[in-house]
Amino acid sequence: SSGINAEYGGIQAVQSPSSSPPPPPPLLFAQPSWNTIGKVMPLPLLFLANTVSGLGATRSLTMPMFVLLRRFSILMTLGLEWYILGKSFNRTVQISVMLMIVGAAIAAAGDLKVDVEGYVLIFLNDFFTAITSVITRKVLDQHSVELGTHGVLYYNSLVAAPGALFLLLLSPAEVHHVLTFPHWTNPWFIACFAGSMFLGFLLNVVYFLCNRINSPLTTAVVGSMKNVLSAYLGMLFRDYQFTWLNFAGVNVSVVATLLYSKEEILKAAAQEKAKQAQQQKPS
């Protein structure tokens, strides 16, 4: 009888139409070795730098300004993706990215709480975010067969975890705050803390998958879209001083994000249409 071909991990299996589908293959990672770790470098170092600069910027800036200045990472991603990965972008994408930056600049011009340290940290965070995204895509392109998407994520976390612990131990004050935190026995805090860790893990998984399936620039733009709600909600808090200039900058960035999203959707639809036309051609 005719069979249905199902391929897992390069092994061709044939099953009859009446049989149940085979179970999915387990997640297999490359054996730990210095060679394997070398393949994911310098991702763990960039991840740590991105985390530290992001936390510092969050502490120094108001939430709306943090969200808006984070949009400069999109421009940096576009430049690094062109320089490192050799990718070109059409005029609509370039205009939408520049509008995002213009909106962020307008909003920043209306911020009366200027914090030089915070601005330095946020621009460092933008750079580390952009270079991390581009290098992630490069590692996935070069080592997807040996490591896979989940393997790159696994070894990135495996190497970064001791580094994060080392950075914590460098600050005795931070260690003291952790050990003397009064809510370690509070069930509600433990539940929220566990949920935060799970969401952080889920965010990393989705980030790596989006980077592999789409592109670093699309990942950056889509990631900034979730910050739109944060920007508007941040206007309700006391650390935000409303100005029409800032509000206008927020909305310019939102319109630019929607323009980019529309362009990517149209491009994906055109690619799918071309693929279907290719498949319908007679052999």
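**Exercise 1. Place residue N211 in the fold and describe its surroundings.**

Solution. Step 1: N211 belongs to helix α9, which covers residues 187-213. The model in which this placement is made is a predicted one.

Step 2: The relative accessibility of N211 is 0%. Buried residues are those under 20%, so N211 counts as buried.

Step 3: When residues up to four places away in sequence are set aside, N211 touches S133, T136, R137, P216 and T219.

**Exercise 2. Determine whether T219, one of the residues that N211 touches, is buried or exposed, and list its contacts.**

Solution. Step 1: T219 is located in helix α10, residues 216-234.

Step 2: The relative accessible area of T219 is 11%. Since the limit for a buried residue is under 20%, T219 is buried.

Step 3: Beyond residues up to four places away in sequence, T219 touches Y207, C210 and N211.

Step 4: C210, one of these contacts, has a relative accessible area of 17% and is therefore buried as well. By contrast, C192 has a relative accessibility of 56% and counts as exposed.

Step 5: As for bonds between cysteines, the structure holds zero disulfides.

**Exercise 3. Summarise the secondary structure of the protein.**

Solution. Step 1: The protein contains eleven helices and two strands.

Step 2: In sequence order, these elements give the pattern β-β-α-α-α-α-α-α-α-α-α-α-α.

Step 3: Of the 283 residues in the protein, 36% are buried.

Step 4: For contacts between residues at least 6 apart in sequence, 78% join residues at least 24 apart.

**Exercise 4. Check whether the length of helix α2 agrees or disagrees with the expected span, and do likewise for α11.**

Solution. Step 1: Helix α2 runs over residues 43-60 and has 18 residues. The expected span is 1.5 Å times one less than the number of residues, which gives 26 Å for α2.

Step 2: The end C-alpha atoms of α2 are 26 Å apart, so the two values agree.

Step 3: Helix α11 covers residues 244-280. With 37 residues, α11 should span 54 Å, and its end C-alpha atoms are 54 Å apart, which agrees.

**Exercise 5. Identify the buried residues of α2 and of α11.**

Solution. Step 1: In α2, the buried residues are L43, P44, L46, L48, N50, S53, G54, G56, A57 and S60.

Step 2: In α11, they are N246, G249, V250, S253, V254, A256, T257, Y260, S261, E263 and E264.

Step 3: A general rule helps in reading such lists. An α-helix has 3.6 residues a turn, so residues three or four places apart point the same way.

**Exercise 6. Examine the loops before α2 and before α6.**

Solution. Step 1: P42 lies in the loop between α1, residues 34-40, and α2. The peptide bond joining M41 and P42 is cis, with omega about 5°.

Step 2: D115 is in the loop between α5 (91-109) and α6 (116-143). With a relative accessibility of 25%, D115 counts as partly exposed.

Step 3: D115 and S60 are 55 residues apart in sequence, while their C-alpha atoms are 7.0 Å apart in space. Leaving out residues up to four places away in sequence, D115 touches S60 and L61.

**Exercise 7. Describe the setting of Q31.**

Solution. Step 1: Q31 lies in the loop between β2 (11-15) and α1.

Step 2: The relative accessible area of Q31 is 64%. Exposed residues are those over 50%, so Q31 is exposed.

Step 3: Apart from neighbours within four places in sequence, Q31 is in contact with T36 and Y155. Q31 and L147 are 116 residues apart in sequence, with a C-alpha to C-alpha distance of 9.4 Å.

**Exercise 8. Characterise the second largest pocket and its lining.**

Solution. Step 1: The space in the second largest pocket is about 260 Å³.

Step 2: The lining consists of 13 residues, and N214, T218, E264, K267 and A268 lie nearest the centre of the pocket. E264 is also among the buried residues of α11.

Step 3: Helices α10 and α11 each supply at least two lining residues. The most come from α11, which gives seven.

Step 4: Sorted by class, the lining has five nonpolar, five polar and three charged residues.

Key:
Residues are numbered from 1 along each chain as its sequence is written. This is a predicted model: local features need pLDDT of at least 70, side-chain atom pairs count only at pLDDT 80 or more; totals for chains, interfaces and linings use all residues. Side-chain values use heavy atoms; hydrogens and water are left out. Helices (H or I, at least four residues) and strands (E, at least two) are DSSP runs, numbered from the N terminus. Buried means under 20% relative accessible area, exposed over 50%, partly exposed in between (1.4 Å probe, protein chains only). A disulfide is a pair of cysteine sulfur atoms within 2.5 Å. Contact means heavy atoms within 4.5 Å. On a 1 Å grid over the protein atoms alone, a cavity is a set of points where a 1.4 Å probe fits but cannot get out, and a pocket is an open set with protein on both sides within 12 Å along at least five of seven lines; lining residues have an atom within 4 Å of a point. Grid points are joined across faces, edges and corners, and a volume is the space filled by probe spheres set on the points. Ala, Val, Leu, Ile, Met, Phe, Trp, Tyr, Cys and Pro count as nonpolar, Asp, Glu, Lys and Arg as charged, and the others, Gly among them, as polar.
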